[in-house]
Every structure is written in C-alpha cells, then in structure tokens.
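Visitor: Please give me a close look at one part of this model, with the packing contacts spelled out residue by residue. I would also like to hear about the loops and rings around that part.

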Amino acid sequence: MSTVSTPGRSKLGWNLLGLLVFVVAGFPVYWMLNTAFKPAKDAIDPDPSLLPTGMTFSNFGRALDIADFWGPVWRSLLVSVTVVVIGIVIGLLAALAISRFAFRGRKIVIVGILAVQMVPLVAMIIPVFLLLNDLNQYDRLSGLIITYLTFVLPFTVWTLRGFIVNIPKELEEAAMVDGCTRTGAFVRVVFPLLAPGMVATSVYAFIQAWNEYLYALMLLSQKNQTATVWLGNFTTKHGTEYAPMMAGATLMAVPIVALFLLVQRKMAAGLTAGAVKG
C-alpha cells in the first residue's frame, strides 16, 4: 500500500511547492494591481484589505498628469529596443565564433564573459560615469545604450552559445556537402533552429534594459529620464502617492506583458532548447 501511495504523495508535495512559489512570486503583482485600482485613501490605510474594497480609474489619470508619461516611455522603448537589436547581432556573431571556431585565447574569452557578469553593476557606476563624461556621452541616450550593452552583451553571448552548442555541427557539414557555403549553411540550417533561442534571449535582454533604474537615474537628467526614473516623481516632500505610483507601475508593465504574449510560444521552445552541453 505504501509503495502505491508514495508517488501520489510526492506529486502532491511538488504541486503544493509549485503553488507556494506561484503565490510568493505573484502576490507583489496582485498587490500592485489591487493598489492601482484602489481609492487613494484606501491605499494608505494602516489596516489594508487583501481583497479589493472599491475600484477607481482616477489613479491612472493622476499617474498620467503628475509628469510627462509618454516621453519617458518612448525613451525607454527606444533604449531597450536598440540595446536588444545591437546586443543580438553582436552577441550572435560572438557566440558563433566561440562555439564553432577554435582560436587562441578562446577559453580566456569564455572565462572573461563569466567574470564580467559576476561584477556588481553598482561597483562600476563611478568609472562608467567618468568614462561617459570624457566621451561627451553623459545625459545622452546613446551613452545609456552603450552602458546597457556592457552588461547585456555578456549575458547574450553566453546564452546564445548554449543554444548554438546544442545544434549538431553535422547539419552544417551536410549542407556544405550539398553545395552551401558556410554562410549559406548557417542561414538555411542553423539560423531557423536558433530562432527560438534568439527570441528568448531578446526578451530577457529587453527586460534587463527596460527595468534598469540606477544607471538611468545617474546618467540622465530629468528632461531625458526613462520610465523607471519617472516613477520616482510620485515621491514628494509631502510623502509617497502609493495608488498613482502603482497605477504608473501597472502602465509600465503593459509593454512587457504584451511582449510575452506575442512571443510566448517561441519563448517556451527557446527555454526548452537552452540546456548547455559541452
């Protein structure tokens, strides 16, 4: 009897653990939405209710009126999309070179990529500030894009390397035997297989650039602020307006949610194929 019930208990335990993880991860999102639609007075209630007590859209109007909204959002989109495009192009070429070609210093490059990702971003803010100031890139979106590429590119290269390694070299060799050049074999054989991985990597790179706050705050003035810095406008000398702030955070989450909905199938395929071997 015990041998029959053990798998059932194990499955129930894993389901409960999964449910717990879902609740812990999803509760902040639920609380953000709950607060965004609450009346402003209920958002600062010292004895808040877990369930919605009322619904209002006035917080969204306040969020849009407190400061320019579309300007920061547009700048964040411009920076994030540019970082993703440049990062994917350069990262793909670098990952292909590391995965498919043997050259002197290859292991050093791989170790260097890992080492860069282990450096805390906050530790580099002063050198980055001084460097951008010397290059006349302070308070410019181009300077912020260059900065974001410094920590998006190592992630992109390492992730795409894992996808490329999982694609057998024999497929390229067979295409070259049939008359394809190395470039043609890559475009016709490897690239279609790599597409889900590129989508997954692009989404995570976009999220990194979209959600970054510290460098956007330190390297841009208020007139060039991005969406994450824009949220700071809700903290004034009179206190924090929590309901409009949560409404603004909800508006900021819309592009990320829309992106996930558009590429969710490719994301699932890319994550499944992303196990690193070798």
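Guide: Here is a walk through the packing around one helix, followed by some loops and ring pairs.

This is a predicted model, so local features need pLDDT of at least 70 and side-chain atom pairs pLDDT 80 or more, while totals for chains, interfaces and linings use all residues. Residues are numbered from 1 along each chain as its sequence is written, and side-chain values use heavy atoms, leaving out hydrogens and water.

Let's start with helix 7, which spans residues 141-165 (helices are DSSP runs of H or I, at least four residues, numbered from the N terminus). Helix 7 packs against helix 9 at an angle of about 160°, and the two axes are 10 Å apart (axes are lines fitted to C-alpha atoms over the stretch in contact, with angles from 0 to 180 degrees between N-to-C directions). Helix 7 and helix 9 are therefore roughly antiparallel (over 145 degrees; under 35 is roughly parallel, 65 to 115 roughly perpendicular, and the rest oblique). The crossing of helix 7 and helix 9 is right-handed (the near helix is turned clockwise from the far one by less than a right angle; anticlockwise would be left-handed).

The helix 7 side of this contact is formed by Tyr-148, Phe-151, Val-152, Phe-155, Thr-156, Thr-159, Leu-160, Phe-163 and Ile-164 (contact means heavy atoms within 4.5 Å). Facing them from helix 9 are Leu-194, Gly-197, Met-198, Thr-201, Tyr-204, Ala-205, Gln-208 and Ala-209. By class, the contact of helix 7 with helix 9 has twelve nonpolar, five polar and no charged residues (Ala, Val, Leu, Ile, Met, Phe, Trp, Tyr, Cys and Pro count as nonpolar, Asp, Glu, Lys and Arg as charged, and the others, Gly among them, as polar).

Helix 7 also meets helix 5, residues 106-118, with axes that come within 9 Å and cross at roughly 130°. That angle makes helix 5 oblique to helix 7. The crossing of this pair is left-handed. Helix 5 brings Ile-110, Ile-113, Leu-114, Val-116 and Gln-117 to the contact, and helix 7 brings Thr-150, Pro-154, Phe-155, Val-157, Trp-158 and Arg-161. Eight nonpolar, two polar and one charged residues make up the contact of helix 5 with helix 7. Phe-155 is named in the contact with helix 5 and in the contact with helix 9.

Helix 9, residues 182-211, has another neighbour in helix 8, residues 169-177: their axes come within 9 Å and cross at roughly 135°. Helix 8 is thus oblique to helix 9, and the crossing of helix 8 and helix 9 is right-handed. Leu-171, Glu-172, Ala-175 and Met-176 of helix 8 meet Arg-182, Ala-185, Val-189, Val-190 and Leu-193 of helix 9. The contact of helix 8 with helix 9 divides into seven nonpolar, no polar and two charged residues.

Now the loop between helix 6 (125-134) and helix 7, where Asn-136 lies. Most residues other than glycine have a negative phi. Asn-136, however, has a positive phi near 60°. Asp-139, found in the loop between helix 6 and helix 7, likewise has a positive phi of about 60°. Asp-139 is buried, at 18% relative accessible area (buried is under 20%, exposed over 50%, partly exposed in between, with a 1.4 Å probe and protein chains only).

Finally, a stop at the rings, where the count comes to twelve aromatic pairs (rings of Phe, Tyr and Trp, the last by its six-membered ring, pair if their centres lie within 6.5 Å; planes under 30 degrees apart are stacked, over 60 edge-to-face, the rest tilted). Phe-37 and Phe-60 form a tilted pair, 5.1 Å centre to centre with 50° between the planes. Phe-37 sits in the loop between helix 1 (2-36) and helix 2 (40-43), and Phe-60 in helix 3 (residues 58-65), so this pair links distant parts of the chain, 23 residues apart. Phe-37 is partly exposed at 21% relative accessibility, whereas Phe-60 is buried at 15%. Pro-39 is also found in the loop between helix 1 and helix 2, and Pro-39 touches Gly-54 and Thr-56, leaving aside neighbours within four places in sequence. Elsewhere, ring pairs link Phe-27, Tyr-30 and Trp-31 into a cluster.

How values were computed:
Helices (H or I, at least four residues) and strands (E, at least two) are DSSP runs, numbered from the N terminus.
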